[in-house]
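Reader: I would like each label justified by its cut-off. Please show the model before we begin.

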Amino acid sequence: MLFVLSLVNGLALASALPKSPRSSHPEGVPLIMFSTDVANGLISTHGAQGSSPVSFSATATYQRDTAVAPQDVDDGFTLAMALNLDAQGLVEVDSIIPTYGNAPLPEEMAVALFLTRIMKQRPDIPVIPGAMAQASQTLHGTSQWFSGANVQIEGANGSFAISCRNSGVEMMYRRLINSHKPITILAIGPLTDVACLLTTSPEIKDKIAEIIILASRLEGKSVSVNGKIVNDFNFRMDPIAGALLLGSEAAREIPIRLITFSLSGQTSQSGDLIEFNSSTLKGPTPATPESQFSLNLLLQSSVPRMQFWESIFGTPQGPFDQYTLTAAVWPELFNCQPALAYIQQCPTPAWSPLYPTDSEGNPTQKPYNAPDNRCMDHGTENGASLSVIAAELVVSLNLNNPGPLIRGITGIDGNIPNLNQRALPVTACTDFASPAARQLFQELLYKYTW
Ligand SMILES: [Ca+2]
């Protein structure tokens with residue numbers, strides 16, 4: 001409600017504000033394209049889970065998606081910061097491609113357009129919708145033909161490549177191919193659209209400066225906030241697209257930087273929290289009507305999310321997606337190194353012949369949550385919610401033993417195509433470069449988030 005009222009006020013204010021001209025940017029400033037599940041101010045289900053109005057159980061019982069919550073605000077913080085940096089000539093925002101994720105895509109489009117065109121007065125920046133849903137079914141077995149054969153997902157004629165091109169991906173392609181210089185892609189939502197771009201237009205690789213992805217975990221490391229296990233949302237939402245992205249030919253030739261949770265999780269922990277509220281975010285000095293409008297709206301619309309997060313973790317939510325933007329502009333703040341990325345499928349889904357049952361045929365475990373399975377944090381002791389996480393994106397700092405890209409038993413553990421690739425060489429950011437860099441990161445976020 002708050003957001004709706006503010007939106008109406010914003011429309012009135014917007015008509016009175018002068019249009020900002022596009023600033024000129026020095027050479028060498030990163031040119032940035034966002035693939036984002038921006039959802040600030042939305043109270044909704046996670047995208048592509050709540051898009052369908054109903055589902056039916058085997059007994060045709062009506063089931064509604066009850067996972068309605070104030071959705072994540074870090075994409076909007078990142079976009080606002082990027083547009084503020086753009087106005088300062090420190091980055092150049094090329095385009096914004098919303099994708100399902102934190103919320104359904106249609107509502108996210110409303111947020112993205114409002115943020116870009118009304119809050120930040122940038123009608124010149126294209127905002128075009130990307131994916132409505134995942135690459136393929138993740139929590140169900142691969143679709144089959146009447147003959148019993150699987151419908152192939154991967155490859156040039158696979159179901160993903162022949163269906164994934166949407167308006168957003170088309171624009172990504174056009175903006176890249178026509179760009180005067182290579183563009184850095186910040187992937188801060190599910191990986192579906194970036195995977196589509198790389199798999200369907202591999203020739204685009206020369207026009208991509210780098211892909212920086214907010215996802216992944218270090219091998220053997222638990223991922224938690226204040227001691228509570230969390231999931232790697234951007235990867236978990238579409239592990240099949242993640243696999244197709246990492247397994248693409250183009251990915252072997254494009255620099256890919258992963259912001260691991262070992263880095264991005266630090267500033268959401270009690271004792272090391274970067275907190276966004278009206279005492280930490282002040283906006284620019286001197287304030288203008290535009291800056292006050294933008295700051296107040298970002299703060300007000302984030303309150304339900306912060307309260308929601310605090311009710312679960314005991315502290316408000318720190319920054320996540322903003323790490324990618326900061327890494328693009330100030331890479332020296334972070335400790336990043338060569339690494340190998342791979343995908344660990346979690347055993348065992350309910351459709352697997354290996355899914356354990358008792359003598360009566362009743363399941364003896366939750367899907368993907370088998371005891372002693374190879375996914376970090378999984379297992380019955382860590383709660384049933386992990387039963388909707390089919391695979392994990394893992395980073396190994398040991399370069400000596402590459403191993404396969406897709407691990408686990410293809411077709412039994414998860415629904416991810418084998419792809420027959422080795423683990424992908426990437427750059428993995430795992431920590432701040434120093435305590436001073438940690439401090440500067442915080443100062444930059446506080447200065448430019450409004
Ligand atoms: Ca995001």
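Reader: In which helix is D86 found?

Author: D86 is found in helix α2. A helix here is a DSSP run of H or I of at least four residues, a strand is a run of E of at least two, and both are numbered from the N terminus. This is a predicted model, in which local features need pLDDT of at least 70 and side-chain atom pairs count only at pLDDT 80 or more, while totals for chains, interfaces and linings use all residues. Residues are numbered from 1 along each chain as its sequence is written, and side-chain values use heavy atoms, with hydrogens and water left out.

Reader: Why is D86 called buried?

Author: Buried means under 20% relative accessible area, exposed means over 50%, and partly exposed lies in between (1.4 Å probe, protein chains only). D86 has 0% relative accessibility, so D86 counts as buried. D86 also belongs to a network of salt bridges with R122 and D124.

Reader: What makes the pair of R257 and E210 a salt bridge?

Author: The term requires a side-chain nitrogen of Lys or Arg within 4 Å of a carboxyl oxygen of Asp or Glu. In R257 and E210 the closest N and O atoms are 2.7 Å apart, and the pair is a salt bridge. R257 sits in strand β12 (residues 256–259) and E210 in strand β8 (residues 208–214), so distant parts of the chain, 47 residues apart, are linked. R257 is buried because its relative accessible area is 8%, and E210 counts as buried because its value is 16%. Over the whole structure, the search finds 10 salt bridges.

Reader: How do you know that D377 and R217 pair in the same sense?

Author: Their N to O distance is 3.3 Å, and their side chains meet in a salt bridge. D377 is in the loop between β13 (334–345) and β14 (391–396), and R217 is in strand β9 (residues 217–218), so the pair ties together parts 160 residues apart in sequence. D377 has a relative accessible area of 8%, which means that D377 is buried. The backbone of D377 has a positive phi of about 75° although D377 is not a glycine.

Reader: What makes R374 partly exposed, and is its partner D413 buried or exposed?

Author: R374 has 47% relative accessibility, so R374 counts as partly exposed. D413 has 2%, so D413 is buried. The two side chains meet in a salt bridge at 2.8 Å, N to O.

Reader: What makes D37, D75, I188 and D321 ligands of the calcium ion?

Author: Donors are N, O and S atoms within 2.8 Å of the metal, or 3.2 Å for Na, K and Ca; water is not among the atoms, so sites may look incomplete. The calcium ion is coordinated by OD of D37, two OD entries of D75, O of I188 and OD of D321, at 2.1 to 2.6 Å. Their spacing along the chain is D-x37-D-x112-I-x132-D. D75 in helix α2 (residues 74–87) and D321 in the loop between α9 (289–313) and α10 (322–329) are 246 residues apart in sequence, so the pair ties those parts together. D75 is buried at 0%, and D321 counts as buried at 3%.

Reader: Why is α7 called mostly covered?

Author: Eight of the eight residues of α7 are buried. They are P239, I240, A241, G242, A243, L244, L245 and L246.

Reader: Which residues does I204 touch, and what counts as touching?

Author: Contact means heavy atoms within 4.5 Å. Not counting residues up to four places away in sequence, I204 touches Y173, L176, I177, L197 and L198. I204 lies in the loop between α5 and β8, and I204 counts as buried because its relative accessibility is 0%. The C-alpha atoms of I204 and I177 are separated by 6.8 Å, though the two are 27 residues apart along the chain.

Reader: Which backbone values are unusual at Q121 and at the bond from T285 to P286?

Author: Most residues other than glycine have a negative phi, and most peptide bonds are trans. Q121 is not a glycine, yet has a positive phi of about 55°. Q121 counts as buried because its relative accessibility is 3%. The peptide bond from T285 to P286 is cis, with omega near -5°. Another cis bond joins P347 and T348, with omega about 0°.
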